[in-house]
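Biologist: Let's look at where the ligand goes in this protein. Can you walk me through it step by step?

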Amino acid sequence: MATHYFTASSLDGFIATPDHSLDWLLTKNVDPDGPMGYQAFVENIGALVMGASTYEWVLRHEQGAWGYTQPTWVMTHRDLPVPDGADVRIAQGDVRAVHAEMTAAADGADLWVVGGGELAGQFADAGLLDEVWVQYAPVTLGDGAPLLPRSLDLELVDVVRNGDFLCGRYLLVR
Ligand SMILES: NC(=O)c1ccc[n+]([C@@H]2O[C@H](COP(=O)([O-])OP(=O)(O)OC[C@H]3O[C@@H](n4cnc5c(N)ncnc54)[C@H](OP(=O)(O)O)[C@@H]3O)[C@@H](O)[C@H]2O)c1
């Protein structure tokens, strides 16, 4: 069982614009069934966690529908809506407690920290982040939501091109 932070990023290390747009990303070509693609990745995932901004983006993008079958923890201090039928668990505070709950729910499968970067950093701070997968889009944004605002050593273990994206998979060096 491993905990992954899997995300797309601009070349200059932002995962969204300052106003939380992903238009720069969604216009690029990627094969979800291709190398280091989303499909094979998500099949091994037993539980997800995301921050409030990411969750709100998903709700806006999916227009109220919910695309994930796995239990999903949403980190927030607010009372956010949950779509009908979605297995969404609102949580706050120390990510170690959340990680323990996710591990139990995932039943041996891997965990996915969807984002944002600060939340991935909280898992890294707690020694609970194992891998970082980044699909780099051929774009710079200049400003926005940071990829992973921490000082960490990583080991590159895999690299591949998928469509427009340069995909890297890294292990955290402890
Ligand atoms: N490029 C990609 O593939 C990709 C992937 C993921 C996300 N994104 C985008 O990147 C942006 C990320 O936004 P973001 O940087 O603001 O990060 P975020 O993690 O999505 O949201 C941050 C918010 O989550 C809540 N939060 C985080 N940790 C918490 C904790 N321990 N306890 C309680 N609440 C906690 C807080 O919200 P409150 O206090 O307000 O509740 C905090 O302001 C979004 O626009 C998202 O759509 C892009």
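Biologist: Which pocket is the space taken by the ligand?

Modeller: Keep in mind that this is a predicted model. The pocket with a volume of about 1300 Å³ is the largest one. The ligand takes up that very space, the largest pocket.

Biologist: Okay, and which element gives the most to the lining of the largest pocket?

Modeller: The lining has 45 residues, with Thr7, Leu22, Thr54, Trp57 and Val114 nearest the pocket's centre. Several elements supply at least two lining residues each, including β1, β2 and α5 (117–125). The top giver, with six residues, is α3.

Biologist: Now zoom in on the ligand: which element gives the most to the shell around it?

Modeller: There are 23 residues around the ligand, and His20, Thr54, Thr76, His77 and Gly116 come nearest. At least two shell residues each come from β1 (3–9), β2 (14–16), α3 (52–61) and β6 (110–115). With four residues, the biggest share is from α3.

Biologist: How many residues of the shell around the ligand are charged?

Modeller: Sort the shell by class: twelve residues are polar and ten are nonpolar. That leaves the charged class, with a count of one.

Biologist: A nitrogen atom of the ligand is 2.8 Å from a polar backbone atom of which residue?

Modeller: Two other contacts use ligand oxygen atoms: one is 3.2 Å from a polar side-chain atom of Thr7, and one is 2.8 Å from a polar backbone atom of Gly116. The protein also covers 82% of the 930 Å² of accessible area that the ligand has on its own. As for the nitrogen atom, its backbone partner at 2.8 Å belongs to Ala8.

Technical notes. Residues numbered from 1 in each chain as written. Predicted model: local features only at pLDDT ≥ 70, side-chain atom pairs only at ≥ 80, totals over all residues. Heavy atoms only, no water. Near = heavy atom within 4 Å. Polar contact = N/O pair within 3.5 Å; in protein donor to acceptor, adjacent residues only side chain to side chain. Areas by Shrake-Rupley, 256 points an atom, 1.4 Å probe, with all protein chains shown as cover. 1 Å grid on protein atoms, 1.4 Å probe; cavity = no way out; pocket = protein on both sides within 12 Å on 5 of 7 lines; lining within 4 Å. Sits in = over half its atoms within 2 Å of the grid points. Nonpolar A, V, L, I, M, F, W, Y, C, P; charged D, E, K, R; others polar. Points joined across faces, edges and corners; volume = space filled by probe spheres on them.
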